[in-house]
Amino acid sequence: MQLEKIISISGKPGLYKLISQLKNGFIIEDVVSKKKVSIGNTSQVSLLDNIAMFTFDKEVPLFEVFENVAKNYDYKEAISHKSSDAELRDFMAQSLPDYDTERVYVSDIKKLAQWYNILSKAGYITPESFVKPEQPAEEKTEEQPAEVTEKKTVKKTAPKTEKTAAPKVKASTSAAKGTPKSTHRKMG
């Protein structure tokens, strides 16, 4: 599952996928309805990829919690976010057994259940969604230096052009003919 482009927007229900960036905002798409809209830079946006849940030892990325929920519910929808507090706490204990009961509030568990069900309905929750691509460490270190070398070579061979001589000649020629200086505009 690619959570890096899935966002939650404060004040708007549901989850959205980032499509592209505009000069003063973003184009987003509702993950369920696929309806595209634009939002401004002032909107409070949370990337699901950056969210984690507290345990007594560490913070667990939301991706891993979703994976646990998916396995517990056979990759189908989980309990409703409108369930009782006791049911939600049981749901959380099954999904993340060592979650920090003092730092993870019922409101957090409601969001977890709601977001999981939205992603499930939208087709993001499948066994294939949680498969992480593996690349041997040797390949990574060999490929990256080659790319950097190529980029440096391209930058060094790029020709430089100078266009400063032409405008100076035109300005001095016009001034000599008696053209007022106020008609000339300086670029740059």
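Biologist: Buried, partly exposed or exposed: which is Lys110?
Modeller: This is a predicted model, where local features need pLDDT of at least 70, side-chain atom pairs count only at pLDDT 80 or more, and totals for chains, interfaces and linings use all residues. Residues are numbered from 1 along each chain as its sequence is written, and side-chain values use heavy atoms, with hydrogens and water left out. Buried means under 20% relative accessible area, exposed means over 50%, and partly exposed lies in between (1.4 Å probe, protein chains only). Lys110 has 33% relative accessibility, so the class is partly exposed.

Biologist: Which residues is Lys110 in contact with, leaving aside neighbours within four places in sequence?
Modeller: Lys110 sits in helix 3. Contact means heavy atoms within 4.5 Å. With those neighbours set aside, Lys110 touches His81, Asp85 and Leu88.

Biologist: How far apart in space are Lys110 and Ser84?
Modeller: In sequence, 26 residues separate Lys110 from Ser84. In space, the C-alpha to C-alpha distance is 9.8 Å.

Biologist: What pattern does the protein follow along the sequence?
Modeller: Helices (H or I, at least four residues) and strands (E, at least two) are DSSP runs, numbered from the N terminus. The protein has 5 helices and 7 strands. Their order is β-β-β-β-β-β-β-α-α-α-α-α.

Biologist: What share of contacts between residues at least 6 apart in sequence joins residues at least 24 apart?
Modeller: As background, buried residues make up 27% of the 188 residues in the protein. Among contacts between residues at least 6 apart, the share joining residues at least 24 apart is 53%.

Biologist: Parallel, antiparallel, perpendicular or oblique: how does helix 1 lie to helix 2?
Modeller: Axes are lines fitted to C-alpha atoms, for helices over the stretch in contact, and angles run from 0 to 180 degrees between N-to-C directions. The axes of helix 1 (residues 62–72) and helix 2 (residues 85–95) come within 9 Å and cross at roughly 100 degrees. Angles under 35 degrees count as roughly parallel, over 145 as roughly antiparallel, 65 to 115 as roughly perpendicular and the rest as oblique. Helix 1 is therefore, relative to helix 2, roughly perpendicular.

Biologist: How do the residues of the contact of helix 1 with helix 2 divide into nonpolar, polar and charged?
Modeller: Asn68, Val69 and Asn72 in helix 1 meet Phe91, Gln94 and Ser95 in helix 2. Ala, Val, Leu, Ile, Met, Phe, Trp, Tyr, Cys and Pro count as nonpolar, Asp, Glu, Lys and Arg as charged, and the others, Gly among them, as polar. The residues divide into 2 nonpolar, 4 polar and no charged.

Biologist: Which elements do the buried residues of helix 1 pack against?
Modeller: Leu62, Phe63, Val65, Phe66, Glu67, Val69 and Ala70 are buried in helix 1. The buried residues of this helix pack against strand 6 (52–54), strand 7 (59–61), helix 2 and helix 3.

Biologist: Glu67 forms a salt bridge with which residue?
Modeller: A salt bridge is a side-chain nitrogen of Lys or Arg within 4 Å of a carboxyl oxygen of Asp or Glu. Glu67 is buried at 16% relative accessible area, while its partner is exposed at 52%. The two are 4 residues apart in helix 1, about one helical turn. With the closest N and O atoms 3.7 Å apart, the partner of Glu67 is Lys71.

Biologist: How many salt bridges does the count come to?
Modeller: One joins Lys76 and Asp74 (3.9 Å, N to O), and both of these residues are exposed. Another joins Arg103 and Asp100, also with closest N and O atoms 3.9 Å apart; Arg103 is partly exposed at 43% and Asp100 is buried at 7%. The salt bridge count comes to 3.

Biologist: What phi does Asp74 take?
Modeller: Asp74 comes just after helix 1. Its phi is positive, at about 55 degrees.

Biologist: Stacked, edge-to-face or tilted: which is the pair of Phe63 and Phe130?
Modeller: Rings of Phe, Tyr and Trp (its six-membered ring) pair if their centres lie within 6.5 Å; planes under 30 degrees apart count as stacked, over 60 as edge-to-face and the rest as tilted. A search of the whole structure finds 4 aromatic pairs. The centres of Phe63 and Phe130 are 5.4 Å apart and the planes are at 55 degrees, so the pair is tilted.

Biologist: How many residues apart are Phe66 and Tyr116?
Modeller: Phe66 and Tyr116 form a tilted pair, 6.1 Å centre to centre with 45 degrees between the planes. Both are buried. Phe66 is in helix 1 and Tyr116 in helix 3, with a separation in residues of 50.
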